[in-house]
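Work through the exercises below with the sequence and the coordinates at hand. Each task is followed by a stepwise solution.

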Amino acid sequence: MYANDVALLVVDLQPDFMPGGALPCPQGDAIVPGIAALLAGGRYATVVATQDWHPADHASFASQHPGRTPFDTIDLHGQPQTLWPDHCVQGTVGAALDPRVDWRSTDLILRKGMRRQVDSYSAFRENTGPDGERPVTGLAGWLHERGIAEVHVCGLARDYCVLWSAQDAAISGFRVRLLWELSRPVSIDSDSATRIALDAAGIDLL
């Protein structure tokens, strides 16, 4: 078991990100047994899970932009925004936490991406909104108040929500390690860029 000041952050382990889902990560299902084993083994005293939880008309969906298709890029609030297939719509089966994991040991489930006009990759901050700011989710404060000093990050997708969460965890003052084998990207072509970004942020691979 890790020390009590180490937390596990499981990012968006949801059916829509699995093969056959609305926005699949290649081999996304391959990480489920390992994450399930981590939770079942009680290796972490504090466990947080995030859940993408979008309204049906979310601004990141290509379906909300006439003439656009998934994976196009637009300008949204002055920042590049990838347009996604409709995914993780609130209350749908694809938005549920993966049922193959026993989530009862989870201390906090953080839903993100709920505001229609703002995407939210990171567990710690939303993406840039209409006011040019990235509002905090409150997770950093919650972890700090529980005495957490180090965060281990895993889940989906490695090149977006996992990466952004790890980077923001480091910015928020935590030591951060990314469980590389317990994450998968939207595109494996992004792995080199992800490794560079993690190294630049001082994030170790575990």
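**Exercise 1.** Does Asp168 count as buried or exposed, and at what relative accessibility?

Solution. The model is predicted, so local features need pLDDT of at least 70 and side-chain atom pairs count only at pLDDT 80 or more, while totals for chains, interfaces and linings use all residues. Residues are numbered from 1 along each chain as its sequence is written, and side-chain values use heavy atoms, with hydrogens and water left out.

Step 1. Locate the residue: Asp168 is found in helix H3. Helices (H or I, at least four residues) and strands (E, at least two) are DSSP runs, numbered from the N terminus.

Step 2. Apply the cut-offs: buried is under 20% relative accessible area, exposed over 50%, and partly exposed in between, with a 1.4 Å probe and protein chains only. Asp168 has 5% relative accessibility and therefore counts as buried.

Step 3. List the contacts (heavy atoms within 4.5 Å). With neighbours within four places in sequence left aside, Asp168 touches Ser122, Phe124, Arg125 and Arg134.

**Exercise 2.** Describe the surroundings of strand S6 (residues 150-156).

Solution. Step 1. Check burial: 7 of the 7 residues of S6 are buried, so the strand is largely enclosed by the rest of the structure. Glu150, His152, Cys154 and Leu156 point one way, Val151, Val153 and Gly155 the other way.

Step 2. Find the partners; two strands pair if DSSP finds at least two bridges between them. Strand S1 (residues 6-11) runs parallel to S6 and is joined to it by 6 bridges, with Leu9 partnered by Val153. Strand S7 (residues 175-184) also pairs with S6 in the parallel sense, over 6 bridges; here Leu156 has Arg184 as its bridge partner.

Step 3. Assign the connection: S6, H3 and S7 form a right-handed β-α-β unit. Right-handed means that, with the strands pointing away from the viewer, the path from the first strand over the helix to the second runs clockwise.

**Exercise 3.** Describe the hairpin of S3 and S4.

Solution. Step 1. Strands S3 (residues 73-76) and S4 (residues 79-82) run antiparallel and are joined by 4 bridges.

Step 2. Ile74 stands opposite Gln81 in S4.

Step 3. The hairpin has 2 residues between the strands, and His77 takes a positive phi near 55 degrees.
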